[in-house]
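This report walks through the arrangement of two chains and some of their local backbone features. Please keep the sequence and the structure open while reading.

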Protein chains: 2
Amino acid sequence: MKLYTFFRSSAAFRVRIALNVKGVKYEPLPKAFAKNEHRAADYLAVNPQGLIPALDVDGAVLSQSLAIIEYLDETHPTPPLLPGDALGRARVRSMAQAIACDIHPLNNLRVLNYLKGDLEQDEEAVNTWYRHWITAGFRGLEAQASEFSSSQRFLFGDAVSLADICLVPQMFNARRFKTDLTPFPTLLAVSTHLESLPAFAAARPEVQPDAV
Amino acid sequence: MKLYTFFRSSAAFRVRIALNVKGVKYEPLPKAFAKNEHRAADYLAVNPQGLIPALDVDGAVLSQSLAIIEYLDETHPTPPLLPGDALGRARVRSMAQAIACDIHPLNNLRVLNYLKGDLEQDEEAVNTWYRHWITAGFRGLEAQASEFSSSQRFLFGDAVSLADICLVPQMFNARRFKTDLTPFPTLLAVSTHLESLPAFAAARPEVQPDAV
């Protein structure tokens, strides 16, 4: 498999974690956001959505991080990234989507660029925006985690799930933008545990080959 | 089942379509956004994420529209909303998430309110923002649809899928904000066909009991 990636993309970070958890070897194909390589014609030809990541599986290019991770989970079932029952799967997917649909898209680089460029917002306004959506999203997620994370080691149950894979990159961004995390003790405890696992540690932005 | 809904919420619109496609009867529990009922303590007690929709299944409250729809698909398998093979499922989920992760969250009411309030943007700037993210997202989706929609009746294959369920509410919003849709002939053809189906027509905002 080949992964179109960018070291700092948190959606690519998610897929790197999933590949590592599954023990799937892959070839990274970095696309530099600063050079707009993910908007270039050659990349749009393989991924018309023009976003990172995308996974090339024998020439079929898959896009959208959650769709890619569910594909990996279906084709490489061990260890599973979703619980065995429908209600559990709904809980895990909901927590994953609370991040992937309701926090991260608002803080994507292209959105920050729109705020700075088209809407002429200064750095402080952009950083306030960034932290606002993390705090709003983490508030609900903390309540769910405190209900479903008995161990404080995983967001749900006793094993790594799709929700955990979304949490760690989002926590990385939260720290990078100096978000106050004291209201989210369960998320912090879970993330700290997850970050110690080799599959998560090896996916970190700063250890990627394209890190600058 | 009971559905916490709001007639104009496109995430709730998705779940209403899915319930109708599956032939599942439900009791609507409307929450008026204008009165901030989805942010009130009684609703946060059942759905800590504080967003619409949520589905009450025998007292277990599920949140996030895509997670809810996958739950319905797993517990009511006929007709299926995802293809039978992993690659097909990845395609459909990617198209659904192109809308649910990369268009809709940016145009949510709470985001428009932030632009108008905190960032003091006028109506024209907000409407331009709205159309910008639809156009950016539809561009990639049109390319995918023209590859995968042989019939021009569904986004993928020969039956209603999760991707179709996301398309129709997004198209409704696109029209409401007068987005130029001429660059998206496949999306328009597919949406026009889908809108003629009873399960989709009965889920439209304007025919809901809480429509104003």
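Helices, of at least four residues, and strands, of at least two, are DSSP runs numbered from the N terminus. With that numbering, Pro79(B) is found in the loop between helix H3 (65-75) and H4 of chain B, and the peptide bond leading to Pro79(B) from Thr78(B) is cis, with omega near -10°. In chain A, Pro79(A) likewise has its place in the loop between H3 and H4, and the bond from Thr78(A) to Pro79(A) is cis with omega near -10°. The model is a predicted one, and this applies to everything described here.

The relation between the chains can be taken next. Chain A is superposed on chain B by a rotation of 180° with 0.0 Å of shift along its axis, at an RMSD of 0.0 Å. That is the relation of a two-fold axis. The same surface serves both copies, since 100% of the contact residues of chain A recur in chain B. Among the residues of chain A, Cys101(A) comes closest to the rotation axis, with its C-alpha at 2.2 Å.

The contact itself takes 34 residues from chain A and 34 residues from chain B. On the side of chain A that touches chain B, strand E4 (60-63), helix H3 (65-75), helix H4 (86-100) and helix H6 (123-148) of chain A each supply at least two residues. H4(A) gives the most to this side, with 8 residues. By character, the residues of the side of chain A that touches chain B divide into 20 nonpolar, 10 polar and 4 charged.

Turning to the interior, the largest nonpolar core holds 122 residues, of which Leu167(A) and Leu167(B) touch the most other members. Setting aside neighbours within four places in sequence, Leu167(A) is in contact with Ile99(A), Leu155(A), Leu187(A), Val190(A), Ser191(A) and Leu194(A).

Helix H6 (residues 123-148) of chain B has 26 residues and reaches 37 Å from its first C-alpha to its last, which is close to the 38 Å expected at 1.5 Å a residue. The buried residues of H6(B) include Trp129(B), Tyr130(B), Trp133(B), Phe138(B) and Leu141(B), and Gly137(B), Gly140(B) and Gln144(B) are also among them. These buried residues of H6(B) pack against helix H4 (86-100), helix H5 (109-116), helix H7 (162-176) and helix H8 (185-195) of chain B.

Two loop residues of chain A, neither of them glycine, have a positive phi, as the table sets out.

| Residue | Phi | Loop of chain A |
|---|---|---|
| Glu120(A) | near 55° | between helix H5 (109-116) and H6 |
| Gln152(A) | near 60° | between H6 and helix H7 (162-176) |

How exposed or buried are Glu120(A) and Gln152(A)? Glu120(A) has 9 other C-beta atoms within 10 Å and is therefore exposed, the limit for that class being 12 or fewer. Gln152(A) counts as partly exposed because it has 16 C-beta neighbours inside 10 Å.

A further loop residue lies in chain B, where Thr182(B) is found between H7 and H8. Thr182(B) is exposed, because 6 other C-beta atoms lie within 10 Å. Thr182(B) and Ala12(B) stand 170 residues apart along the chain, and their C-alpha atoms are separated by 27 Å.

Technical notes
Residues are numbered from 1 along each chain as its sequence is written. Chains are lettered from A and ligands numbered from 1 in the order in which they are written. This is a predicted model: local features need pLDDT of at least 70, side-chain atom pairs count only at pLDDT 80 or more; totals for chains, interfaces and linings use all residues. A nonpolar core is a set of buried Ala, Val, Leu, Ile, Met, Phe, Trp, Tyr and Cys residues joined through C-beta atoms within 7 Å. A residue is buried if 20 or more other C-beta atoms lie within 10 Å of its own, exposed if 12 or fewer, and partly exposed in between; C-beta atoms are placed from the backbone. Two residues are in contact if their C-beta atoms, placed from the backbone, lie within 7 Å. Ala, Val, Leu, Ile, Met, Phe, Trp, Tyr, Cys and Pro count as nonpolar, Asp, Glu, Lys and Arg as charged, and the others, Gly among them, as polar. The expected span of a helix is 1.5 Å times one less than its number of residues. Copies are superposed by least squares on the C-alpha atoms of residues with pLDDT of at least 70 in both.
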